[in-house]
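Trainee: Could you walk me through this one? I'd like to hear the reasoning behind each label.

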Amino acid sequence: MTAHIPATLVLEDGRIFRGKAYGEVGKTLGEVVFTTGMTGYQETLTDPSYHRQIVVQTAPQIGNTGWNEEDNESNRIWVAGYAVRDPARIPSNWRSRRSLEEELQRQGVVGIAGIDTRSLTRHVREFGAMRGGIFSGDALRSDEEMIAEVAASDGMVGASLVTDVTTAEPYVVPAKGEKRFTVAALDLGIKANTPRMMSERGIEVHVLPASATFDEVLSIGPDGVFLSNGPGDPATTDQQVEVARQVLDRKLPLFGICFGNQILGRALGRGTYKLQYGHRGSNIPVIDAATGKVSITSQNHGFAVEGEPGEQFSTDFGRAVVSHHCANDGAVEGLALLDGPAFSVQYHPEAAAGPHDAAPLFDKFVELMSEAR
């Protein structure tokens, strides 16, 4: 246990939070962001979209259900660091195999506990996501030295991180039951539940590295193409944007989520920008512009596509529309090509650990592929 070891979380603007070490003892740097999810911390920690970010949990009690072998969204923890208020002393769940802190230590993730995460969250909401660092044990130095090190670290704007998280080699997730379709999925930081949900719909998913060319996509004979979630600045994805444009030109059905939404937006000629503090959590309301229906969604993104709610615009591939927007701030949450078989959403329909309002979007993808045949 590391509860007796002092730790400090330092922000680039000089704000400092003092607590105790949680997980690995040492030093870590990253962008400090907060997530509002009350459950699903294991899925959050193993989501590749959180690569190079220090995640603050707004829910005060974390770790109650321990760590199991079933809920990982990838093969490792991706967060740069972890900040919680009141970690569980003893986990209690029939699936738990060890405590959350044991897993953080096992994977070398530096964390901090016992800080006022509500105050930290309010600070980030007011001043924006910013560079930060967690220092504990022998890594602790003077406040001035720690602030200087944080200020000298890399920011998220211009960060090209997809190559850090993508698969090294292609792999196949077979369809469950009768195979109905073949999908080429570009792995930009894909979560395990995504190909699983497509597999349940009779889709054989070929997961390809982010560097895959359009010819490599075509070589598997896909009925559709999927663009996954992922970390970093979408402005750095010129190669993936070009692949998306070739898919649109060929009129292959295309579905993108999160980072994939931003890539489709760029392929359609839209710009992207950094949100003040992003959308992260499992309780974010999204409005469908066509129906007015509100879905509660799981999200994790710090960038967004330029556009206005319900806006229609011209592209090189026909007319398109901003199909969904965030009820909180009006940010673009979905795009659809009106003159072609392509759509995307900024949120996570695979939504492990929930909610599941958006799961039918996978059925919409199936319908697009059926119609294309």
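Mentor: Sure. Keep in mind that the model is predicted. The unreviewed UniProt entry lists Cys258, His348 and Glu350 under "active site".

Trainee: What makes these residues gather at one spot?

Mentor: They span 93 residues in sequence, yet no two of their C-alpha atoms are more than 11.1 Å apart, so they come together at one spot. Of these residues, Cys258 is included in the lining of the largest cavity.

Trainee: Why is cysteine 258 called buried?

Mentor: Buried means under 20% relative accessible area. Cysteine 258 has 1%, so the label applies. Cysteine 258 sits in the loop between strand 14 and helix 9. Leaving aside neighbours within four places in sequence, its contacts include Asn229, His301 and His348.

Trainee: And why does glutamate 350 count as buried?

Mentor: Its relative accessibility is 0%, which is under the 20% cut-off, so glutamate 350 is buried too. This residue is in the loop between strand 20 and helix 10.

Trainee: What makes the pair of glutamate 350 and lysine 191 a polar contact?

Mentor: The side chains are 3.2 Å apart, and the cut-off for such N or O pairs is within 3.5 Å, so the pair qualifies.

Trainee: How do you know that strand 15 and strand 18 pair?

Mentor: Pairing takes at least two bridges. Strand 15 and strand 18 have 3 and run antiparallel, so they pair. Isoleucine 287, for one, has histidine 325 in strand 18 as its bridge partner. Strand 15 also pairs with strand 16, in the antiparallel sense over 10 bridges, with histidine 279 opposite histidine 301.

Definitions and conventions: Residues numbered from 1 in each chain as written. Predicted model: local features only at pLDDT ≥ 70, side-chain atom pairs only at ≥ 80, totals over all residues. Heavy atoms only, no water. Helix = DSSP H or I, 4+ residues; strand = E, 2+ residues; numbered from the N terminus. UniProt positions renumbered as here; feature names shortened; annotations may be inferred. 1 Å grid on protein atoms, 1.4 Å probe; cavity = no way out; pocket = protein on both sides within 12 Å on 5 of 7 lines; lining within 4 Å. Buried < 20%, exposed > 50% of the residue type's maximum accessible area, 1.4 Å probe, protein only. Contact = heavy atoms within 4.5 Å. Polar contact = N/O pair within 3.5 Å; in protein donor to acceptor, adjacent residues only side chain to side chain.
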